[in-house]
Amino acid sequence: MKLRRPNLHALAGPYALDALDGAERDRFERHLRGCRTCENEVRGFAATATALALAAAAQPPAGLRERVLAATTVTRQLPPVIARRRGVPAVSRSPWVPRLALAVGAAGVAAAAVLAAVQVSTQDRLNSALAHSQEIAVVLAAPDARIASAPTTVGGTAIVVVSRTERKMVVTSSGLPELPSSKVYELWLMGPGGTRPAGLLPPPSSGKTAPVLASGVLAGDTVGMTVEPAGGTSSPTTTPILVLPLPA
Amino acid sequence: MGPFRSASGPAERSDPDLDNLLTLVARGDQGAFESVYDRLAGPVYGLIRKVLRDPAQSEEVAQEVLLEVWRTASRFDPGKGSAVTWVLTIAHRRAIDRVRSETAAAEREQRSATAPVAVDETAESVEASLEAERVRRCLDGLTELQRESITLAYYGGYSYPQVAALLDTALGTIKTRIRDGLIRLRDCLGVSW
Ligand SMILES: [Zn+2]
């Protein structure tokens, strides 16, 4: 629909073949949401690519079937996305609670864990970490800060505090399985702005990780966590172990 | 007969039966997932293998993709395309993600050589051969630049700027050749969407 950017339409081809990277792909995806012509074309190209894929079919290795089927028995499925109708308030089953309303209960424990982790990091990393910690404190103290804790599929719990006015979130964890030094837990923001890296969890100390601050949180974002090669990647390469939609 | 084919038939580009099966998978139906596996594991593995080449790595990624189909089946929207396309799009993206992260990793460290795994290269299904023949015929109808651009991008896993460099051709030209080629391929294959 953006007639002043006709060159973007031509990216429908490379996009359908996954031949766009990074910023260019994000830009085209934004364009795609508002351009019916490209949406239609990408759909046709994707079906065309499917023919290319089917033509490459090969015998999968023996044992793969058993391994995949066994994995399904211990893998929880994602719930469907419910389209919200206007005027019909959704029943609040949200895990998010206002940060300031916390006094008791599991969420209170989670908040305490966040605060404890902040203190640990302040003591440990002193001056260089101080500004960072202050930023974190700002998020935690924001009037609209909300907190949720969610289990990951590999065990352990992630604790997320988000402030929409600050457009920032703070993530800590407890009880996540320890990773070999070649791997790292990476956070993602997934939503209208595409999928963006949102930081790496530091190695845990006594089962907890120091808080990670991510900025640029957008409305409609979902927090994800994956296991990635040490140093992190620019886009997720493994199945997320945590998918937590941020509060609307 | 490969284990990835079921009595209910080969995977077609558009297969309403498979759309229904995925809906059942979203409700946790293990049996429906087995049927989906039997129809799509061959294309999923074959496509990933074509891009990554390394059999061990391909198997690992295929396993991730097939498990992701189980996990995210509720996100499949039949209004947006067929189940076959949905699954194979995930497979291709995961393979590409692996290529890109491998490329980045290769610049950091020397990858240790992996032992080659014996595979039966000729183990293609009859259906795959037929589809391959159809695709080959239609690819032959493209200009050389269109054909090379599309196969390097899709099977080779190269980004279009990399394709442009490989073919020593301007970026804008590659961009339009890929699009024009896909339009011609789509019409030749009689793809409906
Ligand atoms: Zn467009």
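Val51(B) is buried, with a relative accessible area of 7%. The residue sits in helix H2 (residues 30–52) of chain B. The model is predicted. Two further topics follow: a zinc site and the interface of chains A and B.

**Around Val51(B)**
- Beyond neighbours within four places in sequence, Val51(B) is in contact with His92(B), Ala95(B), Ile96(B), Val99(B), Tyr154(B), Tyr155(B) and Gly157(B).
- His92(B) is 41 residues from Val51(B) along the chain, yet their C-alpha atoms are separated by 8.2 Å.

**Zinc site**
- Four protein atoms serve as donors: His9(A) ND1, His31(A) NE2, Cys35(A) SG and Cys38(A) SG, at 1.9 to 2.3 Å from the zinc ion.
- The arrangement is tetrahedral because the donor atoms subtend angles of 104 to 120 degrees around the zinc ion.
- Along the chain, the donor spacing reads H-x21-H-x3-C-x2-C.
- His9(A) belongs to helix H1 (residues 6–9) and Cys38(A) to helix H4 (residues 36–54) of chain A, so this pair ties together parts 29 residues apart in sequence.
- Cys38(A) is buried, at 2% relative accessible area.

**Interface of chains A and B**
- Contacts join 57 residues of chain A to 74 residues of chain B.
- The two chains bury about 6,000 Å² between them, with 62% of it on carbon and sulfur atoms.
- In chain A, Leu52(A), Leu54(A) and Gln77(A) lose the most area to chain B, together 11% of what that side buries.
- Six salt bridges are counted between the chains. One salt bridge pairs the side chains of Arg100(B) and Asp21(A), at 2.8 Å, N to O.
- H4(A) supplies the largest share of the side of chain A that touches chain B, 14 residues.

Terms used. Residues numbered from 1 in each chain as written. Chains lettered and ligands numbered in written order. Predicted model: local features only at pLDDT ≥ 70, side-chain atom pairs only at ≥ 80, totals over all residues. Heavy atoms only, no water. Donors = N, O, S within 2.8 Å, 3.2 Å for Na, K, Ca; no water. Tetrahedral: all angles 85-135°; square planar, octahedral: opposite > 155°, others 65-115°. Helix = DSSP H or I, 4+ residues; strand = E, 2+ residues; numbered from the N terminus. Buried < 20%, exposed > 50% of the residue type's maximum accessible area, 1.4 Å probe, protein only. Contact = heavy atoms within 4.5 Å. Buried area = accessible area lost by both parts, 1.4 Å probe. Salt bridge = Lys/Arg side-chain N within 4 Å of Asp/Glu carboxyl O.
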